[in-house]
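Open the structure in your viewer and keep the sequence panel beside it. This tour goes stop by stop: select, look, move on.

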Amino acid sequence: MINKLTKILIVLIACVSVLLGFLWFKYQEPDSNAIRVTCTGDIYYDLNFTGWIEENAFEDYFEPIQPLLKSDLTIGNLVQTIGTSDATKENEEGEKEITEFPNSYLETLTTAYKGLGFDFFTCANMQSRRKGREAINHTLDVLDENKLGHTGINRSQEEQETIAIKKARDAKVAILSYTTKVYDSAVYEEDYDEEITYDVNVILDEDGNFDMAHKKKIKQDVAYAKEKADVVLVAMNWGNEYTYNIDQNQIVITNYLNSLGVDMIIGNHPHISQKADVLTNANGEKTYVFYSLGSLINAGYAKPGDVVDETGVNMAQASSVVTFELVPGEEGYEMDNVKVIPVINHYEKGYDNFQLIPLREYTDTQASKHAQSKYSANFNTRWFWEQYHALYDTYKLLSEERVNAEKE
């Protein structure tokens, strides 16, 4: 009898131990030693920010997403260059008015990025030349002074040929940045030396073709990056604005980069998030593709019209933040646990009360106060979750976990 009871007790103790072990494994805190990398969408300020920035602490804007930015390596896409003078026009009274977000503010905000958690910026964008080459040089000087890494715009041919490799603790991340086109300066009317092409990393020829010369350059860049780094990340400025549709250039360039074995493609420019793909090339190398992360920073609400529909205008008020971990692999570090965290760019009527709030922590009460809500009955958390599930559920990349767990 005793032996039988003893056996039953042993079995019960074993079952309880297994159950407790399972619960511990399931609910334990994430590994604090994991190397984490964060990538955000476009950073772009327009005149609508001016009044609010003058009277509020810039850091408060980013406070709700601070846990995301405090990674081992945080990368953003810096759309604007910092000019040395502001573009102006005369108003009806004959007075000059600034027609863009002040360059002095851009410089001040740039000096704050390091404290917010940013480490590196990709800079090849369609607007990179809009303020002239002097602005490109000044922007890079400001980034250097604030110990912020950069790639995509350059002061020299030598700088363009230098591949940016950034350390995330012991792991090495190579970061490349290209744009499919670039607009020449219209506001500043600067004369350009057509022989100088190193200032912006453009990936297509003048006719918009992904030609052999550019393919060769990209292949060389990626080959060097793969040799020197654990993972290779490519930022692409491409696509069409305010649409989920992926254009032919995005498809062609993606397939080529996947064939070269890059680990991740981060798209920007369309102002809204677009779908993701996970591709595998003939060598078994996997590429995570995010065709667009949208605009992290935006201040433009509008009534849906012929050019931009309700979905496009609403989604322009949100963006995707990508996080991933670097874990030891057979050769160096490998990419793992890739996730997308949706973020709402909240601001209210009169361009006031700006805050970047993770969608998981955004409420319908807040949504009802957003400036865009007056133009859309769909501006609510349920609608946004439906959009993001449609974009990212194919590969189970969407994270619904809270960013600020202490606020539970």
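Select I357 to begin: is I357 buried or exposed? I357 is buried, because its relative accessible area is 5%, under the 20% cut-off. The model is predicted, so keep that in mind at each stop.

**Stop 1: around I357**

I357 sits in strand β16, residues 352-358. Now add I344. The two are 13 residues apart in sequence, yet their C-alpha atoms are 5.2 Å apart in space. Next, show what I357 touches. Leaving out residues up to four places away in sequence, the contacts are P64, V343, I344, H346, Y362 and Q366.

**Stop 2: the whole chain**

Zoom out and colour by secondary structure. You should find 12 helices and 16 strands. The chain has 408 residues, and 51% of them are buried. Switch on the surface. About 20,100 Å² is exposed, with carbon and sulfur atoms supplying 48% of it. Now think about contacts with a separation of 6 or more. Of these, 73% are between residues 24 or more positions apart.

**Stop 3: strand β2 and its neighbours**

Select residues 73-78, which form β2. How many of the residues of β2 are buried? The count is 6 of 6. Look at the two faces in turn. L73, I75 and N77 lie on one side, T74, G76 and L78 on the other, and all are buried.

Add residues 35-43, strand β1. β1 runs parallel to β2, and 5 bridges join them. To see one such pairing, pick I43: its bridge partner in β2 is L78. Then add residues 120-122, strand β5. β5 also pairs with β2 in the parallel sense, over 3 bridges. Here, G76 has F121 of β5 as its bridge partner.

**Stop 4: helix α5**

Select residues 103-116 for helix α5. Its 14 residues reach 20 Å from first C-alpha to last, close to the 20 Å expected at 1.5 Å a residue. Colour its buried residues: N103, L106, L109, T110, A112, Y113 and L116. An α-helix has 3.6 residues a turn, so residues three or four places apart point the same way. Compare that with the spacing of the residues you coloured. Then step just past the end of α5. There G117 takes a positive phi of about 125 degrees.

**Stop 5: two nonpolar cores**

Select M264, F290, V322, F324 and L326. In the largest nonpolar core, of 45 residues, these touch the most other members. Which helix gives this core its largest share? It is α12, with 6 residues. Centre on M264. Beyond its neighbours up to four places away in sequence, it touches V232, L233, V234, T287, Y288, F290, V322, F324, M335 and V338. A second, separate core has 42 residues. Y61, L68, I153 and L356 are included in that one.

**Stop 6: helix α12**

Select residues 381-392, helix α12. At 1.5 Å a residue, its 12 residues should span 16 Å, and its end C-alpha atoms are 16 Å apart, so the two agree. Show the side chains of T381, W383, F384, W385, Q387, Y388, L391 and Y392: these are buried. What covers the buried residues of α12? The cover includes strands β11 (276-280), β12 (286-290), β14 (318-328) and β15 (333-348), along with helices α10 (310-315) and α11 (364-369). Now go to the N-terminal end. N380 caps α12 there, with a side-chain oxygen 3.2 Å from the backbone nitrogen of R382.

**Stop 7: three loops**

Pick T243, in the loop between β9 (231-237) and α9 (248-260). A polar atom of its side chain lies 3.0 Å from the backbone nitrogen of N245. Among residues further along the sequence than four places, T243 touches I272 and Q274.

Move to R169, in the loop between β7 (164-168) and β8 (171-179). R169 has a positive phi of about 55 degrees, although it is not a glycine. It is partly exposed, at a relative accessible area of 38%.

Finish at H269, in the loop between β10 (264-268) and β11. H269 is not a glycine either, and its phi is positive, near 105 degrees. Is H269 buried or exposed? H269 counts as buried, because its relative accessibility is 12%.

Methods:
Residues are numbered from 1 along each chain as its sequence is written. This is a predicted model: local features need pLDDT of at least 70, side-chain atom pairs count only at pLDDT 80 or more; totals for chains, interfaces and linings use all residues. Side-chain values use heavy atoms; hydrogens and water are left out. Helices (H or I, at least four residues) and strands (E, at least two) are DSSP runs, numbered from the N terminus. The expected span of a helix is 1.5 Å times one less than its number of residues. Buried means under 20% relative accessible area, exposed over 50%, partly exposed in between (1.4 Å probe, protein chains only). Contact means heavy atoms within 4.5 Å. A polar contact is a pair of N or O atoms within 3.5 Å; within protein, one must be able to donate a hydrogen and the other to accept it, and residues adjacent in sequence count only if both atoms are side-chain atoms. Two strands pair if DSSP finds at least two bridges between them. Accessible areas come from the Shrake-Rupley method with a 1.4 Å probe; for residues, only the protein chains shown count as cover. A nonpolar core is a set of buried Ala, Val, Leu, Ile, Met, Phe, Trp, Tyr and Cys residues joined through side-chain atoms within 4.5 Å.
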